[in-house]
Amino acid sequence: MSIKTTQAPGKADHLEGAPENQAETWYRGMKRIRVFEETVLENFPRGIFFGTTHTYIGQEANAVGILSQLTPPDVVFSNHRCHGHFLAYGGSMHALFAELMGRATGVCGGRGGSQHLHWRNFYSNGIQGGIVPTATGMALAEKFRQTGAATVVFLGDGTLGEGVVYEALNMASLWQAPILFVLENNRIAQTTPINLAVAGSLTGRFSAFNIPVIELDSSDVQEIHPVAQTLLGEIRHGNGPQALVLHTCRFGPHSKGDDTRRSEELEQLRRTRDPVLIHAPRLDPERRAAIDAEVAQEVAGAFTRALADPYPNPLDEART
Amino acid sequence: MTTVLASLNQALHRCLAENDLVFLLGEDVLDPYGGAFKVSRGLSSQYPGRVLTTPISEAGIVGVAAGMALRGMRPVVEIMFGDFLTLAADQIINHLAKYRWMYNEQVRVPVIIRTPMGGRRGYGPTHSQTLEKHFLGAPGLQVLAPTTAGNPGALLSSAILDAEDPTLFIENKLQYLEPVLDGENRGEFEIQELGETFSYRLTVNGAPPAVLTLAAYGYMADLARKAMLSLAYEDEIFTELVIPTRLAPLEISPILDSARKTGQLLVIEEGALTLGWGAEVLARLAETDRLHLRNCRRLAGKDTPIPASGPLEDATLPGVTDIQDTVRKMLQP
Ligand SMILES: Cc1ncc(C[n+]2csc(CCOP(=O)(O)OP(=O)(O)O)c2C)c(N)n1
Ligand SMILES: [Mg+2]
C-alpha cells in the first residue's frame, strides 16, 4: 500500500538499520500523542499550563489512521480535543506545549491556548458544532478553486446535540462538498453518557442527508487507516461528502480530574481498547523499545524547551 | 436618481464581475425573485455558479462563508431580515470575529453579511427590529451602515473587495427607497465627507452656524435630515448632522468635533434605547477631557417589542416629529 504522509517532526527515521516501516510510523505517531498527553496531565497540577485541557488518550488511532494519509493541500478542522489531531497532522510538539503554557513561541503565540490552534491547513476551535459549517465552507472553497484538497472535520457524540451541525450536513450534501465528517463516538460528552444525550441513529444522521457513511468499532490503526483511505478516495474522486462513525474510547478524564465513570469500567477499556497496546505487538520489540526511548526524549525535550520560552509581551499585544 | 437599493444592487454586480472569488449566499436570492428586498436581483442570472440560494440556515450559511473566506474567497451573505442575525450570533462572535486574532493574525476572514433592519412597515415584533447594537463591541467585527449622504454602493463594494475583517453591513428596509444624495439630489443640503473617518456632515445650505449637533446613521439619518430642514425653515433652529457609516470600530472624532463646536448633542437611533449606540457615544464624550456640553440627549426606539399596528409602531420608533420636538425642548431656555 502506498500512502503519502505529511512530514511530521519526530517521524523521521532515527532508527538504526532499515528505514521505518508503516507499522513503526503509526506506532510512533500514536506513542507521541500518548506521551505528550500524559505529560500534560501529569504536569497540570504544577500550574504551568493555562486554562484547561482535553486529552486524546485512548483515541490516538483515529488521528493517526486518518491524518497520516493527508496530502499537504488537505485541510483539517478539529475541536476542543485537538492535541492528538494536531500532532498527527504534523504540528510541532514544542509549539503545542508552548501554546498550552501561554508562551510567545506557541502555535498561536499564546492567544489561543489548548483549543484554538492554527498551523498550515490545520485549524481548531472550542465551540461545539460551530466548526462544522466553517469546515464545510472550506471544502467548498477548495472545490471551487479546484485544488483537489479534501477537508476533514472532527466531531464528538455530544456535539450531535448542536443544530448547526445538521445545517452544515445539509449544505455539504446539497453542494457536494469534498469533506470527510469524522464522528469520534467515545460514548460520553464531558460527564454525560451517550444514552442520556443522543437519541436515534448515529449513521442515520448522515444517511438522512444522503452522505455515505461507514461505521467502525475499532481502536486499531490498521483497521481505521484503510477505511479512511476508502472514504478519502471517494472524496478525491469527486463523489461528495463522506462520513466515518468511529466508535472509540476516552481513557482519561474529560479535561482534568473530572471523570465520573467507574474505575473498573475504565480499566476494562484500557485492557481491551488501547490503540498503542493493540498495535505494539506488530513491531519488532527492539525497534519498538528504540521508538519508545526516542519519543520519551522528544517529549521531554519539547516540554523543557517550551517551559524555558518567554511569555508574550502584553505591550506588543496592545499595539496590534 | 439612484436609490439606495439600486446603488447596492449595482455594487454587487460590479463585485461579482470584478473578482471571481466573490460569492453570494442567501435565502431566496435566485432570479426572478432576487432576494426578499431585491438587492440581489439579476445576480444569479449573470453569475449562476457564484450565487447560491441556501436552505433556511442563517448560522450555517454564515459559517460556510467563514470557511470560504479562510480559504481565500470573498463571500457575501444576505440575511433576509436583520432580526435573523441572532441565529448567526454564535458564528459571528465566536467564529468569524475570532479567527484572525486568536490564530495570531495568521488568517483573514473577509465575510460581508448584508441585512436589512428596521420597522415602519407593520411587520411586527420579529421582522422590524434594529438589532445591530448587540454586535457593536464584538472585537474583530466591523459594522457598516450606508448613508444616502455618501455612496452606499461604494461602501459595500469596497468592503466586499477589500475588507480584511468580517463585516456586518446594516441596511434598512425604508432606506432602500431613498434617493442617494448625489449631485442634483442634494437640494437643500451641503454635504461634507470627513476624510478617513467614514463619516459625513450635513448642514442646510446657506444656514448660519449650527447651535446643536445631531448624530444618526442609516435610515435614521434620513429622518434626521428631514427634521433638520423643518427645524431650519419653521423654527429657524440650525443644526448640523453627523452621519457615521462605520459603527464599529467606532470613530468618535467627527461627532466630538461637531459637539465641541455647537455645545449640544442629540444622538438618534432606531434601535431600542438601553445600552445602544447612543449610550456608547455619550459615554465617550463624557470621558473626553475639557469637553463641556450644555446638553446631550438620546432619542431611540422604545425599550419594548415593535408592534405591527401602524399607530402603535409609530409611537414606538423615533420619527421626524419626535426629532423636532426633542430639539425644540433641548433649546428651551
Ligand atoms: C457550544 C458549546 N457547549 C458546551 C461546551 C463545553 N464542552 C466542551 S467539550 C464538551 C463535551 C463534548 O463532548 P463530545 O462532543 O462527545 O466530544 P468529546 O469531549 O467526547 O471528545 C462540552 C459540553 C462547548 N465547548 N461548546
Ligand atoms: Mg464524546
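This passage walks through a predicted model of two chains and a ligand, beginning where the chains meet.

Start with the contact between the two chains. On one side, 35 residues of chain A take part, and they touch 34 residues of chain B. The size of an interface is often given as the accessible area lost when the parts come together. Here, that buried area comes to about 2,600 Å², and carbon and sulfur atoms give 64% of it. Within chain A, the residues that lose the most area to chain B are A:R111, A:F144 and A:W175; together they make up 24% of what that side buries.

What about charges and polar groups? Between chain A and chain B there are 2 salt bridges. A:R111 turns up again here, since its side chain meets that of B:E105 in a salt bridge, with N and O 3.2 Å apart. So A:R111 is both among the residues of chain A that lose the most area to chain B and a partner in a salt bridge with B:E105. Polar contacts add to the picture, with 14 residue pairs found across the interface of chain A and chain B.

Which parts of chain A supply the side that touches chain B? At least two residues each come from β1 (75–78), β3 (122–124), α5 (131–144) and α6 (163–174) of chain A. Of these, α5(A) gives the largest share, with 10 residues. Sorted by character, the residues on this side of chain A come out as 18 nonpolar, 12 polar and 5 charged.

Now for the ligand. Ligand 1 has 15 residues around it, and the closest are A:H80, A:R81, A:G158, A:T159 and A:N186. In this shell, 9 residues are polar, 3 are nonpolar and 3 are charged. A few atom pairs show how ligand 1 sits against chain A. One of its oxygen atoms is 2.7 Å from an N or O atom in the side chain of A:H80. The backbone joins in too: a polar backbone atom of A:G158 is 2.8 Å from an oxygen atom of ligand 1, while a polar backbone atom of A:Q128 is 3.1 Å from a nitrogen atom of the ligand. On its own, ligand 1 would expose 580 Å², and the protein buries 75% of that.

Next come some details of the backbone. In chain B, the peptide bond from B:D31 to B:P32 is cis, with omega near 5°. B:P32 sits in the loop between β1 (22–26) and α2 (43–46) of chain B. Another cis peptide bond links B:A248 to B:P249, this time with omega about -10°. The loop that holds B:P249 runs between β11 (246–248) and α7 (253–262) of chain B. Over in chain A, A:R187 has a positive phi, near 65°, even though this residue is not a glycine. A:R187 also belongs to a loop, the one between β5 (179–185) and β6 (188–189) of chain A.

Finally, back to salt bridges, this time counted over all chains: the total is 32. One of them lies inside chain B, where B:R108 pairs with B:E164, the closest N and O atoms being 3.3 Å apart. B:R108 is in the loop between α4 (89–102) and β4 (112–117) of chain B, and B:E164 is in the loop between α5 (152–162) and β6 (167–172), so this pair ties together parts that are 56 residues apart in sequence.

Conventions: Residues are numbered from 1 along each chain as its sequence is written. Chains are lettered from A and ligands numbered from 1 in the order in which they are written. This is a predicted model: local features need pLDDT of at least 70, side-chain atom pairs count only at pLDDT 80 or more; totals for chains, interfaces and linings use all residues. Side-chain values use heavy atoms; hydrogens and water are left out. Contact means heavy atoms within 4.5 Å. Buried area is the accessible area (1.4 Å probe) that two parts lose on being put together, summed over both. A salt bridge is a side-chain nitrogen of Lys or Arg within 4 Å of a carboxyl oxygen of Asp or Glu. A polar contact is a pair of N or O atoms within 3.5 Å; within protein, one must be able to donate a hydrogen and the other to accept it, and residues adjacent in sequence count only if both atoms are side-chain atoms. Helices (H or I, at least four residues) and strands (E, at least two) are DSSP runs, numbered from the N terminus. Ala, Val, Leu, Ile, Met, Phe, Trp, Tyr, Cys and Pro count as nonpolar, Asp, Glu, Lys and Arg as charged, and the others, Gly among them, as polar. A residue is near a molecule or strand if one of its heavy atoms lies within 4 Å of it. Accessible areas come from the Shrake-Rupley method with a 1.4 Å probe; for residues, only the protein chains shown count as cover.
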